[in-house]
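Visitor: I should like to go through this structure step by step. Please guide me from individual strand contacts to the overall arrangement.

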Amino acid sequence: MMMKTALLATALATGVVASSAGQTPSGWRAHDLTRPRPPVVVPGQAAAPVPPPSDAVVLFDGSGVGAWRSRNGGPAGWIVRDGAMEAVPGAGYVYTRRGFGDVQLHVEWVAPTPTQGEGQDRGNSGVFLMGEYELQVLDSYGNDTYPDGQAGAAYGQYPPLVNASLPPGTWQSYDIVFRRPRFDSAGALLAPARMTAFQNGVLIQDNVTLWGPTEWLQADRYVADSGRGPIALQDHGNPVRYRNIWVRELPEGPPLVAPPPPAAVPVPASVLDAMVGRYQDGDGMVLVINRAGAGLEVVLPGGRRQALIPISPTEFAFGSTAATLTVAAGAGGRPVRLTFRMGATVFDLERRP
Ligand code: MG
């Protein structure tokens with residue numbers, strides 16, 4: 001595994017896909033029939049329709065294919081019947097009119113009955129992210145094919161972890177998390193695309209790193225894109241049907257940067273020494289303050305410990321939690337009470353012997 005990971009990292013870093021060596025970055029040749037078959041897992045849930053959450057963009061709700069187009073931009077050539085959109089052999093792929101980048105995508109699909117064909121010719125379709133990265137749709141219920149091309153494969157790259165297929169004629173679900181590839185302004189790859197997927201509630205792709213667009217018979221390199229692309233459904237000559245398709249766009253901005261921690265102020269050792277002790281309220285909250293190194297630590301119920309950072313002569317911040325202790329001194333300047341604030345909760349503690 002280490003070797004494969006290192007090989008993939010090297011291939012991605014150099015932009016070299018090892019096609020000349022007769023290998024993909026995984027070490028397996030694409031579409032290798034000797035590759036072990038993913039174990040069969042019987043899903044524990046039926047693919048009941050999963051309604052879209054409030055922030056989803058609904059791509060198909062059974063009423064029409066207006067959100068979709070053909071390759072050349074014309075109307076989508078698939079038919080709608082009984083609340084499902086159905087691939088029409090020869091009509092071509094359908095593409096969302098809108099482009100998407102990072103998404104959570106929900107798709108329900110059903111392979112046709114009676115079954116026709118074998119291997120890649122039985123219930124073949126596919127869900128493409130950004131029009132380039134295919135999560136394979138295939139009738140893989142008792143239908144053998146090369147593992148990197150069965151249902152739930154990141155086509156030609158990663159077989160599904162397990163075969164969680166339901167029989168043809170039974171609705172199935174895919175829930176996909178896709179992170180698009182990132183490129184710098186010169187078009188060099190910064191980060192490859194990643195995909196996680198569930199089939200009928202069973203994990204089939206676990207944050208896999210794609211090494212380029214998924215492709216039949218070859219390993220393609222990344223080509224810089226605009227950051228958006230259509231979701232596409234494949235016409236592979238089989239009348240696969242889809243319903244209840246929705247997508248949530250995932251935040252792509254930089255993560256929120258936390259403010260710096262409170263700055264420590266110098267406090268004389270005598271003040272720290274005077275803090276040492278046990279403090280308690282009437283409800284059983286007990287804090288013990290000890291010297292720790294050159295500073296102080298507080299021991300919380302259950303033995304949890306936090307460094308205390310002096311942020312003023314009378315106020316201490318916890319090292320890694322947004323909590324503070326405020327000290328009230330009695331006669332002679334010795335601390336006799338603590339106010340412990342954490343979130344909206346306040347404890348008033350008194351020194352105990
Ligand atoms: Mg396909």
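**Strands, domains and cores**

Visitor: Which residue in β23 is the bridge partner of Met-342?

Guide: The model is predicted. Strand β22 covers residues 335-342 and strand β23 covers residues 345-352. Met-342 thus belongs to β22, and in β23 its bridge partner is Thr-345.

Visitor: How many bridges pair β22 with β23?

Guide: Strands β22 and β23 pair in the antiparallel sense. The number of bridges over which they do this is six.

Visitor: In what order do the eight strands close into a barrel, and what is the average twist from one strand to the next?

Guide: The pairing in the barrel is antiparallel, and the order is β16-β17-β18-β19-β20-β21-β22-β23. From one strand to the next, the twist averages 30°.

Visitor: How far apart do the C-alpha centres of domain 1 and domain 2 lie?

Guide: Domain 1 spans 22-249, and domain 2 spans 269-352. The distance between their C-alpha centres is 56 Å.

Visitor: Which strand gives the largest share of the largest nonpolar core?

Guide: This core has 47 residues, and Trp-68, Met-85, Leu-105, Leu-210, Tyr-242 and Ile-245 touch the most other members. Trp-68 has contacts that include Leu-59, Phe-60, Met-85, Ile-231 and Ile-245. The largest share of the core, four residues, comes from residues 103-110, strand β6.

Visitor: How many residues does the other core, with Leu-272 among them, have?

Guide: This core lies apart from the largest one. Its members include Leu-272, Met-275, Tyr-279 and Ile-289, and the number of residues is 20.

Technical notes
Residues numbered from 1 in each chain as written. Predicted model: local features only at pLDDT ≥ 70, side-chain atom pairs only at ≥ 80, totals over all residues. Heavy atoms only, no water. Pairing = 2+ DSSP bridges. Helix = DSSP H or I, 4+ residues; strand = E, 2+ residues; numbered from the N terminus. Axes fitted to C-alpha atoms, helices over the stretch in contact; angles between N-to-C directions. Domains from an automatic or database assignment. Core = buried A, V, L, I, M, F, W, Y, C linked by side-chain atoms within 4.5 Å. Buried < 20%, exposed > 50% of the residue type's maximum accessible area, 1.4 Å probe, protein only. Contact = heavy atoms within 4.5 Å. Lists of a residue's contacts leave out its neighbours within four places in sequence.
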